[in-house]
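I set out to record what I looked up in this model, entry by entry. The notes begin below the structure.

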Amino acid sequence: MTMPLPRVAVLASGRGSNLAALLDARERGELPVEFVLVGSDKASAGALRLAEAANIPTLALDPRSYPDRRAFDLDLFARISASGAEWLVLAGFMRILDGEALTPWVGRMINIHPSLLPKYRGLHTHRRALEAGDHEHGASVHFVTAELDGGPVIAQARLAIAAGDDEHQLAQRLLPLEHRLLPAVLGLLASQRLQWDGHAARFDGQLLQKPLALGDEGLRLAE
Ligand code: GRF
């Protein structure tokens with residue numbers, strides 16, 4: 001008897017390159033999950049077209065047709081629950097979620113953010129890293145809590161900032177790392193090697209003291 005695969009929903013607002021990376025990892029047999037829904041707050045999102053091409057059910061909800069943020073979020077989460085999803089991935093979902101609406105998903109929802117959190121929560125992370133004169137930049141995957149970009153960080157990918165890098169170049173060089181980081185973390189979550197204990201992330205049962213680090217061979221414990 002084959003075990004059912006962990007069921008995953010993805011939310012994305014934009015082109016969906018991180019979604020594409022998840023779908024590719026699944027195609028290669030490296031991410032044994034079932035994608036049950038891809039949702040967006042933008043009907044024009046490239047991510048929705050990718051999902052359609054992969055025969056994954058899609059959902060586009062327009063925030064403007066709801067009285068307020070909470071009403072939108074409650075409907076969104078209700079539909080995600082109805083899809084049967086057990087896990088939820090925010091892959092470039094550019095909306096702040098209502099803290100109360102998201103609470104049932106805490107511990108089952110991850111987000112990818114293009115900075116070395118806790119640095120640079122919010123927008124324009126590449127620009128802010130450059131303006132600060134940082135020598136290093138990166139991306140983080142974290143559990144989503146009510147605090148914007150503030151939930152426990154699970155894993156990070158690091159990148160040296162080169163002299164003369166501009167915002168665009170930095171974003172372009174970071175993206176391939178994001179595309180390895182997100183599937184790797186989702187794989188750990190779906191296989192339950194990574195767990196939420198109500199407060200923090202645990203990896204193989206141990207409290208994660210530092211974010212896992214993405215290396216050539218994938219994720220490993222940071223020194
Ligand atoms: C990525 O840089 C992600 O880290 C950020 O938004 C971007 C989404 O890109 N949150 P894509 O839509 O996955 O190509």
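Before the first entry I fixed a term: I call a residue exposed if its relative accessible area is over 50%, buried if that area is under 20%, and partly exposed in between. I also noted that the model is a predicted one.

**Entry 1. Asn55**

I looked up Asn55 and found a relative accessibility of 71%, which is over 50%, so I entered the residue as exposed. I located Asn55 in the loop that runs between α2 (46-53) and β3 (58-60). I then read its backbone: phi is positive, at about 60 degrees, although Asn55 is not a glycine. I marked this because most residues other than glycine have a negative phi.

**Entry 2. Gln192**

I next turned to Gln192, another residue that is not glycine, and read a positive phi near 65 degrees. I placed Gln192 in the loop between α6 (167-190) and β8 (194-196). Its relative accessibility is 47%, which falls between the two cut-offs, so I recorded Gln192 as partly exposed.

**Entry 3. The peptide bond before Pro118**

I checked the bond that joins Leu117 and Pro118 and found it to be cis, with omega at about 15 degrees. I noted it because most peptide bonds are trans. Pro118 itself belongs to the loop between β5 (109-113) and α5 (125-131).

**Entry 4. The ligand**

Which residues are around the ligand? I listed Gly14, Arg15, Gly16, Ser17, Asn18, Gly92, Ile112, Pro114 and Glu178. I sorted this shell by character and obtained two nonpolar, five polar and two charged residues. I also recorded that the space the ligand takes is the largest pocket.

I then looked up individual polar atoms. From Arg15, a polar side-chain atom lies 2.5 Å from an oxygen atom of the ligand. For Gly16 the partner is a polar backbone atom, 2.8 Å from an oxygen atom of the ligand. Asn18 likewise has a polar backbone atom at 2.8 Å from a ligand oxygen atom. How much of the ligand's area does the protein bury? I entered 87% of the 360 Å² that the ligand exposes when taken alone.

**Entry 5. Phe35**

Is Phe35 buried or exposed? I read a relative accessibility of 4%, which is under 20%, so I entered Phe35 as buried. The residue lies in strand β2, which covers residues 34-40. I measured nothing at the bench here; the computed C-alpha to C-alpha separation of Phe35 and Val8 is 4.8 Å, with their positions 27 residues apart in sequence.

**Entry 6. Pro176**

I found Pro176 in helix α6. Its relative accessibility of 44% lies between 20% and 50%, so I recorded Pro176 as partly exposed. In sequence, Pro176 and Ala21 are 155 residues apart, and I noted a distance of 9.0 Å in space, C-alpha to C-alpha.

**Entry 7. Ala146**

I closed with Ala146, which I located in the loop between β6 (136-143) and β7 (153-160). I entered Ala146 as exposed, because its relative accessible area is 56% and thus over 50%. The C-alpha atoms of Ala146 and Ile96 are separated by 9.2 Å, and the two residues stand 50 residues apart along the chain.

Technical notes
Residues numbered from 1 in each chain as written. Predicted model: local features only at pLDDT ≥ 70, side-chain atom pairs only at ≥ 80, totals over all residues. Heavy atoms only, no water. Near = heavy atom within 4 Å. Polar contact = N/O pair within 3.5 Å; in protein donor to acceptor, adjacent residues only side chain to side chain. Areas by Shrake-Rupley, 256 points an atom, 1.4 Å probe, with all protein chains shown as cover. 1 Å grid on protein atoms, 1.4 Å probe; cavity = no way out; pocket = protein on both sides within 12 Å on 5 of 7 lines; lining within 4 Å. Sits in = over half its atoms within 2 Å of the grid points. Nonpolar A, V, L, I, M, F, W, Y, C, P; charged D, E, K, R; others polar. Helix = DSSP H or I, 4+ residues; strand = E, 2+ residues; numbered from the N terminus. Buried < 20%, exposed > 50% of the residue type's maximum accessible area, 1.4 Å probe, protein only.
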